[in-house]
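The following exercises introduce a protein chain through its sequence and its three-dimensional model. Each task is followed by a solution in steps.

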Amino acid sequence: LRYDRAVYDQWFFRAGLNLKRETFRSAMNFRLQYINQFGNRPYPNAGAQLIPAYSTSNTNMNIRGVNLGRDYMNIGFGLNWFVNESRSRFVSFDYDLNTSRRTTSHGLSLIFIELF
């Protein structure tokens, strides 16, 4: 698969609530946000092409992310665990919802940090 272009530009306004609780070795947060996107592309878009050696077709294809529309809600939570001064772990989950379009998007991030 060969990518010939990738476009993902967004300008948006966020308003909401972010609750955070920290302890000595961990931190938790919860997010509830209203998001309004301004006049731009409302989804990630990338152009791709199959490499001709592996395909008889030389057709371009568009790969698009979900179109949530201009106004949607975000619900998310995350957890940080600080193992020691050179190691930390992070998990985050986000759920985006647009009830008028009946569209949802989910995201899960797992991050492991090791400093040498």
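Contact means heavy atoms within 4.5 Å. This is a predicted model, in which local features need pLDDT of at least 70, side-chain atom pairs count only at pLDDT 80 or more, and totals for chains, interfaces and linings use all residues. Residues are numbered from 1 along each chain as its sequence is written, and side-chain values use heavy atoms, with hydrogens and water left out.

**Exercise 1.** Determine what share of the contacts with a separation of 6 or more joins residues 24 or more positions apart.

Solution. In the protein chain, that share is 55%.

**Exercise 2.** State the secondary structure of the chain and the strand order of its open sheet.

Solution. Strands are DSSP runs (E, at least two residues), numbered from the N terminus. The chain has 0 helices and 8 strands. Two strands pair if DSSP finds at least two bridges between them. An open sheet of 5 strands has the order 2-3-6-7-8, with antiparallel pairing. Strand 2 (12-22) and strand 8 (103-114) lie at the edges with a single partner strand each, so one side of each has no neighbour in the sheet. Within the sheet, 11 bridges join strand 3 (residues 26-37) to strand 6 (residues 71-84); arginine 31 has glycine 76 of strand 6 as its bridge partner.

**Exercise 3.** Describe the surroundings of phenylalanine 90 in strand 7.

Solution. Strand 7 spans residues 87-98. Phenylalanine 90 is partly exposed, because its relative accessibility is 27% (buried is under 20%, exposed over 50%, partly exposed in between, with a 1.4 Å probe and protein chains only). Beyond its neighbours within four places in sequence, phenylalanine 90 contacts Leu79, Asn80, Ser109, Leu110 and Ile111. Leucine 79 is 11 residues away from phenylalanine 90 in sequence, and 5.7 Å away in space, C-alpha to C-alpha.

Key: Helices (H or I, at least four residues) and strands (E, at least two) are DSSP runs, numbered from the N terminus.
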